[in-house]
Amino acid sequence: MSAANGFSSAVTLSASGLPAGVRAAFSPNPVAPGSSATMTVTADAAATAGTHAVTVTGTAGALTRSAQAQVVVGDAAGFADDFEVNRGWVVNAAGTDTASSGQFAVGDPEQTTSTYSNQVKQLGTTTSGVACLVTGRAAGTAYGANDLDGGVTSARSPLFRVPATASKLTFSYSYAHGDNATSADYLRVKVVDGSTATTVFDQRGSAVERAGQWQQATVDLAAFAGKDVRLLVETADADTASLWEAQVDDVRVS
Ligand SMILES: [Ca+2]
Ligand SMILES: [Ca+2]
(Lines give C-alpha, C1' and ligand atoms only; values in the text may rest on other atoms or scores of the structure.)
(Ligands and ions follow the chains in the order given, each with its own letter.)
Protein backbone atom coordinates (compact mmCIF):
# COMPACT_ATOMS: atom_id res chain seq x y z
CA MET A 1 0.00 0.00 0.00
CA SER A 2 1.48 3.36 -1.01
CA ALA A 3 1.09 6.58 0.87
CA ALA A 4 1.16 10.25 -0.28
CA ASN A 5 1.06 12.93 2.43
CA GLY A 6 0.04 10.05 4.65
CA PHE A 7 -2.98 9.23 2.51
CA SER A 8 -3.50 5.62 1.52
CA SER A 9 -7.01 5.81 0.09
CA ALA A 10 -8.92 8.13 -2.28
CA VAL A 11 -8.78 11.78 -1.15
CA THR A 12 -11.82 14.06 -1.32
CA LEU A 13 -10.89 17.68 -2.02
CA SER A 14 -12.75 20.81 -0.93
CA ALA A 15 -12.09 24.56 -0.72
CA SER A 16 -13.17 26.97 2.01
CA GLY A 17 -12.84 30.72 2.41
CA LEU A 18 -14.04 31.53 -1.11
CA PRO A 19 -15.76 34.92 -1.38
CA ALA A 20 -19.41 35.18 -2.37
CA GLY A 21 -19.95 34.50 -6.06
CA VAL A 22 -16.86 32.31 -6.46
CA ARG A 23 -16.94 28.53 -6.81
CA ALA A 24 -14.16 25.94 -6.93
CA ALA A 25 -14.31 22.54 -8.62
CA PHE A 26 -11.72 19.74 -8.50
CA SER A 27 -11.05 17.17 -11.20
CA PRO A 28 -10.80 14.34 -10.53
CA ASN A 29 -12.46 14.33 -7.13
CA PRO A 30 -11.80 12.21 -5.22
CA VAL A 31 -8.21 11.81 -6.37
CA ALA A 32 -5.97 8.78 -5.85
CA PRO A 33 -3.12 9.27 -3.34
CA GLY A 34 0.01 10.54 -5.10
CA SER A 35 -1.94 11.70 -8.16
CA SER A 36 -2.70 15.29 -9.09
CA ALA A 37 -6.04 17.06 -9.40
CA THR A 38 -6.89 20.36 -11.06
CA MET A 39 -8.75 23.10 -9.17
CA THR A 40 -10.86 25.34 -11.40
CA VAL A 41 -12.16 28.61 -9.92
CA THR A 42 -15.17 30.36 -11.44
CA ALA A 43 -16.32 33.86 -10.47
CA ASP A 44 -19.68 35.54 -11.11
CA ALA A 45 -19.68 39.13 -12.37
CA ALA A 46 -20.85 40.13 -8.87
CA ALA A 47 -18.01 38.33 -7.10
CA THR A 48 -16.21 40.36 -4.45
CA ALA A 49 -13.05 41.84 -5.96
CA GLY A 50 -9.78 41.48 -4.12
CA THR A 51 -7.32 38.87 -2.92
CA HIS A 52 -8.85 36.12 -0.83
CA ALA A 53 -7.08 33.48 1.26
CA VAL A 54 -8.54 30.07 0.46
CA THR A 55 -7.96 26.80 2.26
CA VAL A 56 -7.86 23.60 0.19
CA THR A 57 -8.52 20.51 2.23
CA GLY A 58 -8.05 16.85 1.37
CA THR A 59 -9.86 14.25 3.43
CA ALA A 60 -9.66 10.47 3.42
CA GLY A 61 -11.43 8.79 6.27
CA ALA A 62 -10.14 10.27 9.53
CA LEU A 63 -7.10 11.88 7.89
CA THR A 64 -7.21 15.56 6.83
CA ARG A 65 -4.52 17.71 5.22
CA SER A 66 -4.88 21.41 4.33
CA ALA A 67 -3.00 23.88 2.14
CA GLN A 68 -3.37 27.64 1.69
CA ALA A 69 -3.97 29.29 -1.68
CA GLN A 70 -4.78 32.78 -2.91
CA VAL A 71 -7.67 33.59 -5.22
CA VAL A 72 -7.54 37.01 -6.90
CA VAL A 73 -10.86 38.39 -8.18
CA GLY A 74 -10.66 41.37 -10.51
CA ASP A 75 -10.65 42.49 -14.11
CA ALA A 76 -7.84 40.99 -16.13
CA ALA A 77 -7.64 44.35 -17.86
CA GLY A 78 -8.93 47.84 -17.11
CA PHE A 79 -8.76 50.27 -14.25
CA ALA A 80 -11.31 51.86 -11.95
CA ASP A 81 -10.69 54.32 -9.15
CA ASP A 82 -13.15 56.40 -7.14
CA PHE A 83 -10.29 57.95 -5.07
CA GLU A 84 -12.01 57.10 -1.78
CA VAL A 85 -8.60 55.88 -0.69
CA ASN A 86 -5.26 56.28 -2.46
CA ARG A 87 -4.98 53.12 -4.57
CA GLY A 88 -1.39 53.69 -5.59
CA TRP A 89 -1.27 57.16 -7.15
CA VAL A 90 2.14 58.73 -6.74
CA VAL A 91 2.53 62.51 -6.63
CA ASN A 92 5.62 63.84 -8.43
CA ALA A 93 6.68 60.34 -9.50
CA ALA A 94 9.34 61.66 -11.90
CA GLY A 95 10.68 64.14 -9.34
CA THR A 96 10.38 67.01 -11.83
CA ASP A 97 7.30 68.83 -10.47
CA THR A 98 7.80 72.54 -9.91
CA ALA A 99 4.72 73.52 -7.87
CA SER A 100 5.54 75.29 -4.62
CA SER A 101 2.10 74.79 -3.01
CA GLY A 102 -1.27 73.21 -3.74
CA GLN A 103 0.24 69.92 -4.89
CA PHE A 104 -2.10 67.06 -5.84
CA ALA A 105 -3.43 64.92 -3.00
CA VAL A 106 -6.13 62.27 -2.63
CA GLY A 107 -8.70 63.36 -0.07
CA ASP A 108 -11.93 65.13 0.84
CA PRO A 109 -11.89 68.54 -0.91
CA GLU A 110 -12.98 71.59 1.07
CA GLN A 111 -14.97 74.18 -0.88
CA THR A 112 -13.42 77.56 -1.58
CA THR A 113 -15.33 80.61 -2.81
CA SER A 114 -13.73 83.62 -4.45
CA THR A 115 -14.48 86.83 -2.59
CA TYR A 116 -13.63 88.65 -5.85
CA SER A 117 -16.00 86.87 -8.28
CA ASN A 118 -18.21 85.08 -5.71
CA GLN A 119 -17.59 81.87 -7.66
CA VAL A 120 -16.90 78.48 -6.10
CA LYS A 121 -13.39 77.57 -7.22
CA GLN A 122 -12.52 74.35 -5.40
CA LEU A 123 -15.62 72.17 -5.25
CA GLY A 124 -16.47 70.64 -1.88
CA THR A 125 -18.41 67.97 -3.77
CA THR A 126 -17.16 64.84 -5.56
CA THR A 127 -18.78 62.61 -8.18
CA SER A 128 -18.45 59.58 -5.89
CA GLY A 129 -18.10 59.22 -2.16
CA VAL A 130 -16.32 62.06 -0.37
CA ALA A 131 -12.84 62.10 -1.90
CA CYS A 132 -11.07 62.89 -5.17
CA LEU A 133 -7.70 63.94 -6.53
CA VAL A 134 -7.37 67.65 -5.75
CA THR A 135 -4.86 70.49 -5.73
CA GLY A 136 -4.47 71.46 -2.09
CA ARG A 137 -7.30 69.61 -0.34
CA ALA A 138 -7.82 72.05 2.53
CA ALA A 139 -9.60 75.34 1.98
CA GLY A 140 -7.03 77.32 3.93
CA THR A 141 -7.52 80.72 5.46
CA ALA A 142 -8.62 82.41 2.20
CA TYR A 143 -9.74 81.19 -1.21
CA GLY A 144 -6.31 81.84 -2.69
CA ALA A 145 -4.41 80.36 0.25
CA ASN A 146 -4.22 76.75 -0.91
CA ASP A 147 -4.58 76.82 -4.69
CA LEU A 148 -1.84 75.61 -7.01
CA ASP A 149 1.18 77.91 -7.21
CA GLY A 150 4.62 77.95 -8.72
CA GLY A 151 4.33 75.44 -11.59
CA VAL A 152 3.34 71.82 -12.24
CA THR A 153 1.97 69.15 -9.93
CA SER A 154 1.42 65.60 -11.17
CA ALA A 155 -0.10 62.31 -10.02
CA ARG A 156 0.73 58.96 -11.63
CA SER A 157 -1.63 55.99 -11.52
CA PRO A 158 -0.70 52.37 -10.83
CA LEU A 159 0.20 50.25 -13.86
CA PHE A 160 -2.78 48.61 -15.58
CA ARG A 161 -3.51 46.80 -18.82
CA VAL A 162 -5.71 48.46 -21.43
CA PRO A 163 -8.36 45.98 -22.64
CA ALA A 164 -7.66 44.52 -26.07
CA THR A 165 -10.89 45.75 -27.67
CA ALA A 166 -13.06 48.88 -27.63
CA SER A 167 -11.57 50.50 -24.56
CA LYS A 168 -12.35 54.00 -23.34
CA LEU A 169 -11.00 56.15 -20.54
CA THR A 170 -13.64 58.14 -18.70
CA PHE A 171 -13.18 60.47 -15.77
CA SER A 172 -14.78 63.41 -13.98
CA TYR A 173 -12.87 66.65 -13.76
CA SER A 174 -13.17 70.24 -12.62
CA TYR A 175 -10.80 73.12 -13.05
CA ALA A 176 -11.24 76.69 -11.96
CA HIS A 177 -9.21 79.85 -12.31
CA GLY A 178 -9.17 83.58 -11.83
CA ASP A 179 -9.07 86.23 -14.57
CA ASN A 180 -5.31 86.34 -13.99
CA ALA A 181 -4.98 82.90 -15.67
CA THR A 182 -3.43 82.37 -19.11
CA SER A 183 -3.20 79.59 -21.71
CA ALA A 184 0.05 78.54 -20.02
CA ASP A 185 -2.09 77.11 -17.20
CA TYR A 186 -3.53 73.64 -17.85
CA LEU A 187 -5.09 70.39 -16.72
CA ARG A 188 -3.78 67.42 -18.73
CA VAL A 189 -4.04 63.67 -18.75
CA LYS A 190 -1.34 61.60 -20.40
CA VAL A 191 -1.12 57.89 -21.12
CA VAL A 192 2.38 56.66 -20.30
CA ASP A 193 3.51 53.61 -22.30
CA GLY A 194 7.04 52.76 -21.26
CA SER A 195 9.04 55.95 -21.70
CA THR A 196 6.50 57.53 -24.08
CA ALA A 197 3.85 59.88 -22.67
CA THR A 198 0.94 60.82 -24.95
CA THR A 199 -1.36 63.71 -24.05
CA VAL A 200 -4.97 62.55 -24.44
CA PHE A 201 -6.75 65.41 -22.63
CA ASP A 202 -5.73 69.07 -22.40
CA GLN A 203 -7.70 71.99 -20.94
CA ARG A 204 -6.14 75.47 -20.83
CA GLY A 205 -6.74 78.56 -18.75
CA SER A 206 -7.81 81.95 -20.06
CA ALA A 207 -8.17 85.47 -18.68
CA VAL A 208 -11.69 85.07 -17.30
CA GLU A 209 -13.15 84.04 -13.97
CA ARG A 210 -13.98 80.31 -14.27
CA ALA A 211 -16.00 78.52 -11.58
CA GLY A 212 -15.39 74.93 -10.55
CA GLN A 213 -17.80 72.50 -12.22
CA TRP A 214 -17.78 68.70 -12.49
CA GLN A 215 -17.62 67.60 -16.12
CA GLN A 216 -17.17 64.23 -17.80
CA ALA A 217 -14.37 63.36 -20.22
CA THR A 218 -14.23 60.37 -22.57
CA VAL A 219 -11.03 59.35 -24.37
CA ASP A 220 -10.66 56.56 -26.93
CA LEU A 221 -7.79 54.27 -25.90
CA ALA A 222 -7.73 52.10 -29.05
CA ALA A 223 -4.13 53.20 -29.71
CA PHE A 224 -3.10 51.56 -26.42
CA ALA A 225 -5.10 48.31 -26.74
CA GLY A 226 -3.50 45.45 -24.83
CA LYS A 227 -0.68 47.61 -23.47
CA ASP A 228 0.43 48.01 -19.86
CA VAL A 229 0.26 51.74 -19.16
CA ARG A 230 -0.10 54.34 -16.43
CA LEU A 231 -2.11 57.56 -16.42
CA LEU A 232 -0.35 60.80 -15.58
CA VAL A 233 -2.57 63.69 -14.44
CA GLU A 234 -0.77 67.02 -14.64
CA THR A 235 -1.94 70.52 -13.81
CA ALA A 236 0.02 73.76 -13.82
CA ASP A 237 -0.11 77.31 -12.63
CA ALA A 238 2.56 78.41 -15.10
CA ASP A 239 3.88 81.72 -16.39
CA THR A 240 2.48 84.54 -14.21
CA ALA A 241 0.96 83.41 -10.91
CA SER A 242 -2.82 82.94 -11.01
CA LEU A 243 -5.60 81.36 -9.02
CA TRP A 244 -5.83 77.72 -10.18
CA GLU A 245 -7.63 74.66 -8.83
CA ALA A 246 -8.08 71.21 -10.41
CA GLN A 247 -9.92 68.07 -9.33
CA VAL A 248 -10.33 64.57 -10.81
CA ASP A 249 -12.65 61.76 -9.69
CA ASP A 250 -13.96 58.40 -10.95
CA VAL A 251 -11.29 57.32 -13.42
CA ARG A 252 -12.32 54.24 -15.39
CA VAL A 253 -10.79 52.29 -18.22
CA SER A 254 -13.19 49.67 -19.55
CA1 LIG B 1 -14.58 59.93 -5.21
CA1 LIG C 1 -6.88 73.88 -3.40
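Two strands are said to pair if DSSP finds at least two bridges between them, and strands themselves are DSSP runs of E of at least two residues, numbered from the N terminus. With these terms in hand, one can say that Ala 155 has Val 233, in strand S16, as its bridge partner. This is a predicted model, in which local features need pLDDT of at least 70 and side-chain atom pairs count only at pLDDT 80 or more, while totals for chains, interfaces and linings use all residues. Residues are numbered from 1 along each chain as its sequence is written, chains are lettered from A and ligands numbered from 1 in the order in which they are written, and side-chain values use heavy atoms, with hydrogens and water left out.

It helps to begin with the overall layout. The chain is assigned a domain 1 (12-73) and a domain 2 (79-253), with bounds that come from an automatic or database domain assignment. Between the C-alpha centres of domain 1 and domain 2 there are 43 Å. As one example of a long separation, Thr 38 and Ala 105 are 67 residues apart in sequence, and their C-alpha atoms are 45 Å apart in space. Ala 105 belongs to strand S8 (residues 104-107).

Strand S16 (residues 228-236) offers a good path into the sheet. Five bridges join S10 to S16, and the two run antiparallel; besides the bridge already named, Arg 156 has Leu 232 as its partner in S16. On the far side of this chain of pairings, S10 (residues 152-156) is also joined by two bridges to strand S7 (residues 90-91), again antiparallel, where Val 90 is partnered with Arg 156. S16 has further partners: strand S11 (residues 160-161) pairs with S16 in the antiparallel sense over two bridges, including one between Arg 161 and Asp 228, and S13 pairs with S16, likewise antiparallel, over seven bridges, with Val 191 facing Leu 231 as bridge partners.How much of this region is covered? A residue is called buried under 20% relative accessible area, exposed over 50%, and partly exposed in between (1.4 Å probe, protein chains only). Seven of the nine residues of S16 are buried, so this strand is largely enclosed by the rest of the structure, and S10 is mostly covered, with four of its five residues buried. Val 189, which lies in strand S13, counts as buried because its relative accessibility is 4%. Ala 105 in contrast counts as partly exposed, because its relative accessible area is 28%. Val 189 can also be set beside Gly 178, which is 11 residues away along the chain, with 22 Å between the two C-alpha atoms.

The next topic is the packing of nonpolar side chains. In soluble globular proteins, such side chains tend to be buried together. A nonpolar core is here a set of buried Ala, Val, Leu, Ile, Met, Phe, Trp, Tyr and Cys residues joined through side-chain atoms within 4.5 Å. The largest such core in this model has 30 residues, and those with the most contacts inside it include Leu 169, Phe 171, Tyr 173 and Val 233. At least two residues of this core come from each of S12, strand S13 (186-193), strand S15 (215-220), S16 and strand S17 (244-253), and the largest share, five residues, is supplied by S17.

Aromatic rings form a further layer of detail. Rings of Phe, Tyr and Trp (its six-membered ring) pair if their centres lie within 6.5 Å, and planes under 30 degrees apart count as stacked, over 60 as edge-to-face and the rest as tilted. The structure holds eight aromatic pairs. One of them joins Tyr 173 and Tyr 175, which are stacked at 6.5 Å centre to centre with 15 degrees between the planes. In the pair of Tyr 173 and Phe 201, the ring centres are 4.8 Å apart and the planes stand at 65 degrees, so this pair is edge-to-face. That pair links distant parts of the chain, since Tyr 173 lies in strand S12 (residues 168-177) and Phe 201 in strand S14 (residues 196-204), 28 residues apart. Tyr 173 counts as buried because its relative accessibility is 6%, and Phe 201 is buried as well, with a relative accessible area of 8%. Phe 171, Tyr 173, Tyr 175, Phe 201 and Trp 244 form one aromatic cluster.

Charged side chains also meet rings here, where a charge sits over a ring if NZ of Lys or CZ of Arg is within 6 Å of the ring centre and within 35 degrees of the ring normal. Arg 210 lies over the face of Tyr 175, at 3.8 Å from the ring centre, and Arg 188 lies over the face of Tyr 186, at 3.6 Å from the ring centre.

Which residues, finally, are the protein donors of the calcium ion (ligand 1)? Donors are N, O and S atoms within 2.8 Å of the metal (3.2 Å for Na, K and Ca), and water is not among the atoms, so sites may look incomplete. The donors come from Asp 82 (O), Glu 84 (OE), Ser 128 (O and OG), Ala 131 (O) and Asp 249 (OD, listed twice), and they lie 2.3 to 2.6 Å from the ion. Along the chain these donors follow the spacing D-x1-E-x43-S-x2-A-x117-D. Asp 82 is partly exposed, with a relative accessible area of 26%, and Glu 84 is partly exposed too, with a relative accessible area of 27%.
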